[in-house]
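This report looks at side-chain pairings and burial in one protein chain. Keep the sequence and the structure at hand while reading.

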Amino acid sequence: MRPEVQIFETVEAAQIAAARQIAATLQPTTLGQTLTIALSGGSTPRRMHEILADLPGIDWGHVHVFWGDERTVPPDSPQSNYGMARETLLTRVEIPERNVHRMRGELDPQAAAADYAAEMQRVFNMIPPDVPSLDVNVLGIGPDGHTASLFPGTEALAVRDRWVVANRVSQQDTWRITLTYPVLNAARVTLFLAVGDDKGEALYRIFSPAVT
Ligand code: 6PG
């Protein structure tokens, strides 16, 4: 399926459109339906989260929140993707704590990945090789073209038999916890939110097949 590309004049317009798209996708089609979303990290989603928190019509009591990736830091670290979402979204909506499924970046990376895989298996009530389908998957893009914590040249890019892995990112001399391609690709709706000139070259490479 060809991706739908939307280009906006302003960053704010992009953030508003993204929040509205997410809100529309988090509308249940059956009574009491549980919906799932994976949030992105980085700085770009901050404003989108604030807008999403103010949008009416989302029953957060039936929404389960996951993350596409996390840094190997405690939840109160300024680097924490969970911490960012807590500040900009989760503390601004009526969502039960049991619906918030954060990656435990404070753990040993391998243990954190295993812990999150077990949490997803529990919530989705399935195990590999089946792959859970998130309703909404929010992703960013780095200047190098990475998304979630699937960085160029890293081992996680090749993983197809696991949902979550610890990924050594030597270019940042760190470990990250990340969902893998099979899970990211299985989402019902995937929304990439990319703003800023520094993403231009990566987007050009992604959308122009001529560039190898
Ligand atoms: C992370 C993200 C990562 C992010 C990009 C873009 O944990 O860093 O999940 O994939 O989306 O690095 O980051 P910015 O939004 O800060 O440009």
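F66, Y116 and F124 form one aromatic cluster. The model is predicted. Its aromatic pairs number 3.

**Aromatic pairs and a charge over a ring**

One of the pairs joins W67 and Y82, with ring centres 5.7 Å apart. Their planes meet at 65 degrees, and an angle over 60 counts as edge-to-face. The pair is therefore edge-to-face. W67 belongs to strand 2, residues 63-67. Y82 belongs to helix 3, residues 81-88. The two parts are 15 residues apart in sequence, so the pair ties them together.

Are these two rings buried or exposed? W67 has 0% relative accessibility and counts as buried. Y82 has 9% and counts as buried too. The cut-off for buried is under 20%.

Y82 has a further partner. The charged end of R102 sits over the Y82 ring, 5.5 Å from the ring centre. Y82 thus appears both in the edge-to-face pair with W67 and under the charge of R102.

**Two buried strand residues**

T36 is placed in strand 1, residues 35-39. Its relative accessible area is 6%, so T36 is buried. What does T36 touch, leaving aside neighbours within four places in sequence? The contacts are L26, H64, F66, F124, S133, L134, D135 and V136. Two names in that list, F66 and F124, recur from the aromatic cluster with Y116. D135, also in contact with T36, returns below as a salt-bridge partner of R188.

D69 is placed in strand 3, residues 69-71. At 4% relative accessibility, D69 counts as buried. Neighbours within four places in sequence aside, D69 contacts G41, N81, M103, A148, S149, R176, I177 and T178. Take I177 from that list. D69 and I177 are 108 residues apart in sequence. In space, their C-alpha atoms are 5.3 Å apart.

**An exposed loop residue**

P78 offers a contrast. P78 lies in the loop between strand 3 and helix 3. With a relative accessible area of 79%, P78 is exposed, whereas D69 in strand 3 is buried. P78 and F8 are 70 residues apart in sequence. Their C-alpha atoms are 29 Å apart in space.

**Salt bridges**

Side chains of opposite charge can pair when their charged atoms come close. How many salt bridges does the model hold? The count comes to 12. Three of them are listed here.

| Salt bridge | N to O distance | Sequence separation |
|---|---|---|
| R92 and E50 | 3.9 Å | 42 residues |
| D135 and R188 | 3.1 Å | 53 residues |
| E201 and R205 | 3.4 Å | 4 residues |

The R92 and E50 pair links distant parts of the chain. R92 sits in the loop between helix 3 and helix 4 (109-124). E50 sits in helix 2, residues 45-54. R92 has 43% relative accessibility and counts as partly exposed. This pair is part of a wider arrangement: E12, R47, E50 and R92 are linked in a network of salt bridges.

The D135 and R188 pair also links distant parts of the chain. D135 is in the loop between helix 4 and strand 4 (136-139). R188 is in the loop between helix 5 (181-185) and strand 7 (189-192). The partners fall into separate burial classes. D135 is buried, with a relative accessible area of 11%. R188 is partly exposed, at 47% relative accessibility.

The E201 and R205 pair stays within one helix. Both residues lie in helix 6, residues 200-207. They are about one turn of the helix apart. E201 is partly exposed, with a relative accessible area of 46%. R205 is partly exposed as well, at 41%.

**A nonpolar surface patch**

Which residues make the nonpolar surface patch of about 430 Å²? They are V5, I7, I206 and F207. V5 lies in the segment before helix 1 (11-25). I206 and F207 carry numbers within the range of helix 6, residues 200-207. Helix 6 is also where the E201 and R205 salt bridge lies.

Note on methods:
Residues numbered from 1 in each chain as written. Predicted model: local features only at pLDDT ≥ 70, side-chain atom pairs only at ≥ 80, totals over all residues. Heavy atoms only, no water. Phe/Tyr/Trp six-rings, centres within 6.5 Å; stacked < 30°, edge-to-face > 60°. Buried < 20%, exposed > 50% of the residue type's maximum accessible area, 1.4 Å probe, protein only. Lys NZ or Arg CZ within 6 Å of the ring centre and 35° of its normal. Patch = residues over 30% accessible without salt bridge, like charges linked within 9 Å, V, L, I, M, F, W, Y side chains within 5 Å. Areas by Shrake-Rupley, 256 points an atom, 1.4 Å probe, with all protein chains shown as cover. Salt bridge = Lys/Arg side-chain N within 4 Å of Asp/Glu carboxyl O. Contact = heavy atoms within 4.5 Å.
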